[in-house]
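Reader: Could you take me through how the helices pack in this one, and what sits on the outside? I'd like a close look, in plain words.

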Amino acid sequence: MGLLELLAVAVGLSMDAFAVSICKGLSVKRVSLRQMLIVGLYFGGFQALMPYLGYLLGSSFSSLVASVDHWIAFGLLCLIGINMIRESRGPAEELDASFSFKAMFPLAVATSIDALAVGVSFAFMEVNIYPSIAVIGIITLVLSAIGVKVGNLFGARNKSVSEFIGGIVLILIGLKILLEDLGVL
C-alpha cells in the first residue's frame, strides 16, 4: 500500500471520529484547546490501537486465506463504507457536553470499530503496520481536534457529509485493492 492510499484510508477511517467531534463541539458553548486535545487523543489513540489489534488477529490466520485475501479486504472495506454511508443518512446523534473518560471512552471505541476490520485487511495485504497505525492515529487526532472546533463554530451540517465521503473513500480503496489483485489495474 502506497502513501497516498494509506492517507486515503486514514482520512476515510477518521470521518466517523470527525463527525462525532463536530457533535462534541456543538455540545459546548466555548471550546478550549484542552477539550480539542482530549477528543483528538481519545479518537486518534483508538484509531491507531484498533487496526493494530485487527492486524494481530488477521496475521494469525492470514496464511489460511491467502488466496482470497483481496476479496476479504474488499468485502470488509465495502461493508465499513456502506455502513458509514447509511449512518450519514440517519438522524443526528445526541451527545452530552462531558469530556470525561465515561463520556469519551465509549465514543472512541464506537468510532474505531471499523479500524479493527481495516487492521485485519492490512494483515492480508502484508502492510507495514507500525507506520500505518501512526499515520491513522495522527490524522484522526488532528481531524478530530479540528472537528470539535468546526462543530463549535459552524454547527452540525457537515456531519453527514463527512461520513458519506468517508464511506465512499473506503469503498473505492476496497475496489482498487480487488482490481489490483485480480490484475485489472
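Author: Here's a walk through the helix packing, followed by a surface patch. Keep in mind that this is a predicted model.

Let's start with the helix pairs. Two packed helices are described by the angle between their axes and the distance between the axes. Take helix H1, residues 3–26, and helix H4, residues 101–125. Their axes come within 10 Å and cross at roughly 165°, so H1 and H4 count as roughly antiparallel, the cut-off for that being over 145 degrees. As for handedness, H1 passes H4 in a right-handed crossing.

Now the other pair: helix H2 (residues 33–61) and helix H5 (residues 129–154) have axes that come within 7 Å, with a crossing angle of roughly 150°. That angle therefore makes H2 and H5 roughly antiparallel to each other, and here H2 passes H5 in a right-handed crossing.

Back in H1, have a look at Ile-22. With 0% relative accessibility, Ile-22 counts as buried, because the limit for that is under 20%. Its C-alpha atom is 9.3 Å from that of Leu-153, although the two residues are 131 apart along the chain.

Then there's the outside. A nonpolar patch on the surface is formed by Val-161, Phe-164, Ile-165, Ile-168, Leu-172 and Leu-175, with about 480 Å² of accessible area together. One of these, Ile-168, has its place in helix H6, residues 159–181. Ile-168 has 32% relative accessibility, so this isoleucine counts as partly exposed, whereas Ile-22 in H1 is buried.

Notes: Residues numbered from 1 in each chain as written. Predicted model: local features only at pLDDT ≥ 70, side-chain atom pairs only at ≥ 80, totals over all residues. Heavy atoms only, no water. Patch = residues over 30% accessible without salt bridge, like charges linked within 9 Å, V, L, I, M, F, W, Y side chains within 5 Å. Areas by Shrake-Rupley, 256 points an atom, 1.4 Å probe, with all protein chains shown as cover. Salt bridge = Lys/Arg side-chain N within 4 Å of Asp/Glu carboxyl O. Helix = DSSP H or I, 4+ residues; strand = E, 2+ residues; numbered from the N terminus. Buried < 20%, exposed > 50% of the residue type's maximum accessible area, 1.4 Å probe, protein only. Axes fitted to C-alpha atoms, helices over the stretch in contact; angles between N-to-C directions. Parallel < 35°, antiparallel > 145°, perpendicular 65-115°, else oblique. Left-handed = near helix turned anticlockwise from the far one by under 90°.
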